[in-house]
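Fancy a bit of practice at reading how helices pack? Take a look at the structure below, then work through the exercises.

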Amino acid sequence: MKTSTRRTLIIVGVIVLVILAFVLAYELTRPTEIVFSGNENSFESMLASGQVQAIYIEGNYTVKIKRTGDNSFKYFVNVDSRVAFSDKLDEYKAAGYLDNVVVQYDDPSSGSLLSSIIVPIVLYALLFGVFYIIIRKSAGAQGQAMNFGKTKANQVRDIKVRFSDVAGAEEEKQELQEIVDFLKHPKKYTDIGARIPRGVLLVGPPGTGKTLFAKAVAGEANVPFFSISGSDFVEMFVGVGASRVRDLFEQAKKNMPCIIFIDEIDAVGRQRGAGLGGGNDEREQTLNQLLVQMDGFEASSSIIVMAATNRADILDPALMRPGRFDRQIYVNVPDVKGREEIFKVHSRNKPLASDVNFKSLARLTVGFTGADIENVLNESAILAARDNRKLITMKDISEAVNKVEAGPAKKSRLVTETDKRITAYHESGHAIIAKKLGNNTVHEVTIIPRGQAGGFTISLPANDDAYMTKQKLLDRITELLGGRAAEEIVIHDISTGASNDIQRASQIARKMVTEWGMSDSIGNMYLGASEEVFLGRDYQQQLNYSEEVAAKIDEEIKTIIDTQYQVALSILRENRDIMDAMVKALYEKETIYEDEIDALFGEENDNADSIFSSKVNRPDAHKSNGASSLDGVSETDIPKDPSDVE
Ligand code: ADP
Ligand code: MG
Ligand code: ZN
C-alpha cells in the first residue's frame, strides 16, 4: 500500500514535469508578434528596409518572419487571411521587396502539424493521464485499470480461527454453532423445508470479538470468507458503493457455500433519510443495493451474510426484515468468567511466571473487552522483554492493566505542592472510609497522576455478593464523598477534584430513589426512565411523573447525600491520625498497596493470595482537577437494576 502510493506520486510528478517542459519549450520558441504596418518596427517597414531574410506563411492568419542575421523565425504578424496576404505578396514582389526574401508556405490543409495538433494532443493526453491516476487512486483500486466498481472484499479461504479461539461467550457460540451447521449441511435443512437464515447481525461494543466470531464461523464451517468494511463501500463517486455490493455478491455466488462479512455495517446501513442536511445519496444507493442483493438470493443458496455493528439502533429497519438480517446476536462485554477465559486464550503462546493468577486478573479487569485483555497481555510481554526477562510476571500484567485502562503513568507531570496535598488527603479520605465501612478491600492508593486523573483509590468488593443492599449503596455514597470530606476537614476548603465523585454519588442516590424503591417517603415506586432515551434518531428527555414528584425526588436525593456526607465527616474526624499517617506514607512512596494500607489500620495482612493483594490494582482513575473520570468504585460494580444480576 505504502510503496504503491509512492510509485503513483512519482508517476504523477514525472508527468507534471513533462507538461511543464512542453509549456516552457513552447513559450521559449514562440515568436514575438509585430504589427503589420504603421511604425518602423512593423512588418512592412522591415520588409522595405531589407531586414527580412525569409517569411513563412503558416495556416490562414499567421506569417512568420526571419530577420536578416537570425537563424530562426523570431517574429510573426497576423494577417487578415492567407488569400489576402498572397495579394499583398504580389504587390511587394512588384515593388522589389522580395528580391532577397525566401517565401515559404506550409501545407494549408494540415496547418503546422507540430504546434497546432501534436502539442495539444500530447498535453491533453498527459493531463488526462494525471487525472486518471488520481481518480484511480482515490477509488482505492490498485494495479488494475478501471475497477472502481470492483469489490474490495478480502477473500480468504482456510480460515484458521476456531470457536476455541473465542473465549467466554458460550451463549453466542451456541447460537452461531447453528449457522455453522447450516453452512456445513445445507441440504439437511432445505430437504425438510427450513429456510436457511440469510443474515446474522452481530451487535456489541467495539473489541468484544465480533470480527473474531465471524471468522470463527467461517473457520468452523470451512467455507470461504469474503469480508469488507462498511466504510469501503462509501466512496467519493456516486454509484461505486452500489456496484461494489453487486460485485461482492456475484463473487460470493460463485463460491457457495460461503460467508460474506460486512464489518461496521452502520457506515452504510444507517437509517435512510436521517442525518443533517438530508440523505447521503451514495450511501443510500449502496444500502438499497445491499437490500436488493439480499432479497435476490435463491432460497436454497448457502450464502450467509454476517455483519457487525456497535449501533444496532441506528440501522435502517429495512435491514432487519425477514430474509435479511433476521438473526441478531448480542456479543457482550465479557463477565468475570469470560475475562478469565480470554486471559487464558491469549496467554497460550506467552511464557508466564508461576505467580500469574487469572482469577485475580479477571476480577481486576471489570469492563475490559477481549481486545483490551489482548492488549494488556501484549503490553505485559513488552514490559518483560524490556527488562530482558524470559517470563511475564503478575506485576507486568497488573502494570499493563493500569496502562491500558488509564494511560501510562505520568511521573513527570508537574504537580504543585498544593495539588499534591489535596490529592493525598482526598484519596486517603476515600480509602479510610472504604476500610472503615468494611464492604471493600482497598488495593491501592496513589497520588501519581495517571492519564487525566490526579490520583486514585482502588477498592474492590470484599465478597462476591451479587445484590447491592440499601446499606451497601449508602456506604458507597459515603466512600465517594470521603474525598471531599477529607478536603473540608484538613484543608478547610474544597476543590473541584471531587466533581466526578459527587456526580456518581448523586447517580447512585437517584437510582435508589427512582428505580430501586429505597426511599422511605417515596416508597416502592418505579420512577425511572427520567434519563435520556434514544428514540430512533434523537435523544429525548422522558418524564413519567409530575413536577411535584420530581421535586420530592430531588429532596430525597439531597437528604441521602447530605446524611452520608455527615457520616463521612465523622468517620474521618475519628480517624484523623490514620489519615495523617496515610498522607505521610503517600508523600514518601506516592503509591501504597494493600498490606501497607492495612498496616496503617494496625491490621496484619494474612491474605495468601499475596501478589494479588499487594500489587495488582484497578485504577478507577480519579481526577483531581475538575473533569470527570472514575474514582473509587467502578460503575459496573453497581447493578443498574437488581434484576440484571444473574
Ligand atoms: P470487534 O470486531 O467486536 O470490535 P474484534 O473481533 O476485532 O472485536 O476483537 C479484537 C481482538 O480482541 C481480537 O482479535 C481478539 O484478539 C480479541 N478478542 C476479543 N474478544 C475475544 C474473545 N471473546 N476471546 C478471545 N479474544 C478476543
Ligand atoms: Mg471488528
Ligand atoms: Zn475522589
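Here are two exercises on helix pairs in this predicted model.

**Exercise 1.** Work out how α17 is oriented relative to α18, and which residues meet where they pack.

*Solution.*
Step 1: Find the helices. α17 covers residues 470–491 and α18 covers residues 499–514.
Step 2: Check the geometry. The two pack at an angle of about 160 degrees, and their axes are 9 Å apart. Angles over 145 degrees count as roughly antiparallel, so α17 is roughly antiparallel to α18.
Step 3: Look at the handedness. α17 and α18 cross in a left-handed way.
Step 4: List who touches whom. From α17 come Lys470, Leu473, Leu474, Arg476, Ile477, Leu480, Leu481 and Arg484; on the α18 side they meet Asp501, Ile502, Arg504, Ala505, Ile508, Ala509 and Met512.
Step 5: Sort that contact by class. You get 10 nonpolar and 5 charged residues, with no polar ones.

**Exercise 2.** Now do the same for α12 and α14: what is their packing angle, and which residues meet?

*Solution.*
Step 1: Locate α12 at residues 336–346 and α14 at residues 370–386.
Step 2: Read off the angle, about 45 degrees, with the axes 10 Å apart. Roughly parallel would need an angle under 35 degrees, so α12 and α14 are oblique to each other.
Step 3: For handedness, the crossing of α12 with α14 is right-handed.
Step 4: Pick out the contacts. Arg339, Ile342, Phe343 and His346 of α12 meet Gly370, Ile373, Glu374, Val376 and Leu377 of α14.
Step 5: Sort them too: this contact has 5 nonpolar, 2 polar and 2 charged residues.

Note on methods: Residues numbered from 1 in each chain as written. Chains lettered and ligands numbered in written order. Predicted model: local features only at pLDDT ≥ 70, side-chain atom pairs only at ≥ 80, totals over all residues. Heavy atoms only, no water. Axes fitted to C-alpha atoms, helices over the stretch in contact; angles between N-to-C directions. Helix = DSSP H or I, 4+ residues; strand = E, 2+ residues; numbered from the N terminus. Parallel < 35°, antiparallel > 145°, perpendicular 65-115°, else oblique. Left-handed = near helix turned anticlockwise from the far one by under 90°. Contact = heavy atoms within 4.5 Å. Nonpolar A, V, L, I, M, F, W, Y, C, P; charged D, E, K, R; others polar.
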